[in-house]
Amino acid sequence: MNIQQRIEAFSELGNKIRNISEKEFENLCIHAKNNNSWFVESSIQHALNGINQFLTKSDLERWTSKYSLDNTSKTIGIVMAGNIPLVGFHDLLCILISGHKAMVKVSSQDEYLMKHICNLLIELNSEFKKQITFVDRLANMDAIIATGSDNTSRYFEYYFSKYPNIIRRNRTSVGILTGEEAEDDLKSLGDDIFTYFGLGCRNVSKIFIPKGYDLNTFFGAIEQFNEVRHHHKYNNNYEYNKSIYLVNNEKHLDNGFLLLKESPDLVSPISVLYYEYYETDKALKLTLDKQVEKVQCIVSKKGFLTGSLPFGQAQSPGLDDYADNVDTMKFLESL
């Protein structure tokens, strides 16, 4: 396949996802949820929407035109995460659109969805059957892209050190408040916090707030997200963390489905949002600069802070939004 044929196939995949029937979607959700109970219908729909928004011919052509994609085909191993639905799709897209072969170690938490999407792609162009292989153990590849925790990344670095690689570690996202946000701004921030129940690296797990900020304003605006408590796993996390704070007499705020706790840490447990006060913009910038290696993205009102996204956009990455700010396509181009 040449680049144009690959682009055509992926744009057709986008059309197929966009036009999925109600019955097909329901069946997809049943199987995916049986595979991973965190994968509720709204999460799967959000993931599919995120994919099909950039699977258009024009976007794919614009994106790939920036790279030199020759006909050299190498085998690229992928260790996929499974924390949110189809989280490994962008890596797969990069590899296949570049003309390489993908040797995929899919997460057991997202096995059904990922294989289903690959089967759809193969139905659209049977040549992809030669380009995609699912394996239990990675070996005999030319390069590797692996995503995991800080602990597993150390294993990846040791095991895959002889291959050109991209090794990803734990990251999270943060929100910046100034006190000038309208209620709709805070509701949009709620999307960044609660989409996928806070399980993704693009979920906001901490907010920075100015001295004197009234957190009741924030609580009032996000009340519409209280439905998360109806999910048994989320509620178990909420009840557990709440009991720990109460038993240890740790100061926290509670609105019935989210716990707010002041902390210098970035990564909060599920159902907990950390917050930290800042006094000046300069002090805030210094704090963020020290933690740049741990932050996936920053959100703020209308993206006012340099390098940040508008509230509500954290979970809608584009083709150019590479994980850990490492250009996957440039990496593949260099092989």
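The dialogue below goes through sheets, helix contacts and empty spaces in a predicted model.

Trainee: What makes β3 and β5 the edges of the sheet in which they lie?

Mentor: Begin with the order of that open sheet, which has five strands arranged as β3-β2-β1-β4-β5 with parallel pairing. Two strands count as paired if at least two bridges are found between them, and β3 (132-134) and β5 (165-168) each have a single partner strand, so one side of each is left without a neighbour in the sheet. On average, and with direction ignored, neighbouring strands of this sheet are turned by 15° against each other.

Trainee: How do you know that β1 and β2 are paired?

Mentor: The requirement is at least two bridges, and strand β1 (residues 75-79) is joined to strand β2 (residues 101-105) by five bridges, with the two running parallel; because five meets that requirement, they count as a pair. If you want a place to look in the structure, Gly 77 stands opposite Met 103 in β2.

Trainee: Which helices pack on this sheet, and which strands do they meet?

Mentor: One of them is α5, which touches β1, β2, β3, β4 (143-147) and β5, and whose direction makes about 155° with that of β2. Another is helix α7 (residues 150-159), which lies across β1, β4 and β5 and runs at about 165° to β5.

Trainee: Why is α4 called roughly perpendicular to α5?

Mentor: Helix α4 (residues 57-64) and helix α5 (residues 89-97) pack at an angle of about 70°, with their axes 12 Å apart. Angles of 65 to 115 degrees count as roughly perpendicular, and the value of about 70° falls in that range, which is why α4 is described as roughly perpendicular to α5. In this contact, Leu 60, Trp 63 and Thr 64 of α4 meet His 90, Leu 93, Cys 94 and Ile 97 of α5, and by class these residues are five nonpolar, two polar and no charged.

Trainee: Why are α2 and α6 called oblique to each other instead?

Mentor: The axes of helix α2 (residues 22-35) and helix α6 (residues 111-124) come within 7 Å and cross at roughly 140°. To count as roughly antiparallel, an angle has to be over 145 degrees; roughly 140° does not reach that value and also lies outside the range for roughly perpendicular, so α2 and α6 are oblique to each other. Their contact is made by Asn 27, Leu 28, His 31, Ala 32 and Asn 35 of α2 together with Glu 111, Tyr 112, Leu 113 and His 116 of α6, and its residues divide into four nonpolar, four polar and one charged.

Trainee: What makes β8 and β12 edge strands in the sheet of seven strands?

Mentor: This open sheet has the order β8-β9-β10-β7-β6-β11-β12, and its pairing is mixed. Its edge strands are β8 (253-254) and β12 (309-310), since each pairs on one side only. Within the sheet, three bridges join strand β6 (residues 172-176) to β11, and these two run parallel, with Gly 175 standing opposite Val 299 in β11. Helix α10 (residues 232-247) lies across β8, β9 (259-262) and β10 (272-278), and runs at about 40° to β9.

Trainee: What makes a space a cavity, and how many of 30 Å³ or more are found?

Mentor: The space is called a cavity because a 1.4 Å probe fits there but cannot get out. A search of the whole structure finds one cavity of 30 Å³ or more, and the volume of the largest cavity is about 30 Å³. Among the residues that line the largest cavity are Trp 38, Phe 39, Tyr 196 and Phe 197, and the lining as a whole has seven nonpolar, two polar and no charged residues.

Trainee: What lines the second largest pocket, and which element gives the most to that lining?

Mentor: The second largest pocket holds about 490 Å³ of space, and of its 21 lining residues, Gln 296, Cys 297, Ile 298, Thr 306 and Gly 307 are the closest to its centre. Helix α11 gives the most to this lining, with five residues. By class, the lining has 11 nonpolar, four polar and six charged residues.

Technical notes: Residues numbered from 1 in each chain as written. Predicted model: local features only at pLDDT ≥ 70, side-chain atom pairs only at ≥ 80, totals over all residues. Heavy atoms only, no water. 1 Å grid on protein atoms, 1.4 Å probe; cavity = no way out; pocket = protein on both sides within 12 Å on 5 of 7 lines; lining within 4 Å. Points joined across faces, edges and corners; volume = space filled by probe spheres on them. Helix = DSSP H or I, 4+ residues; strand = E, 2+ residues; numbered from the N terminus. Nonpolar A, V, L, I, M, F, W, Y, C, P; charged D, E, K, R; others polar. Axes fitted to C-alpha atoms, helices over the stretch in contact; angles between N-to-C directions. Parallel < 35°, antiparallel > 145°, perpendicular 65-115°, else oblique. Contact = heavy atoms within 4.5 Å.
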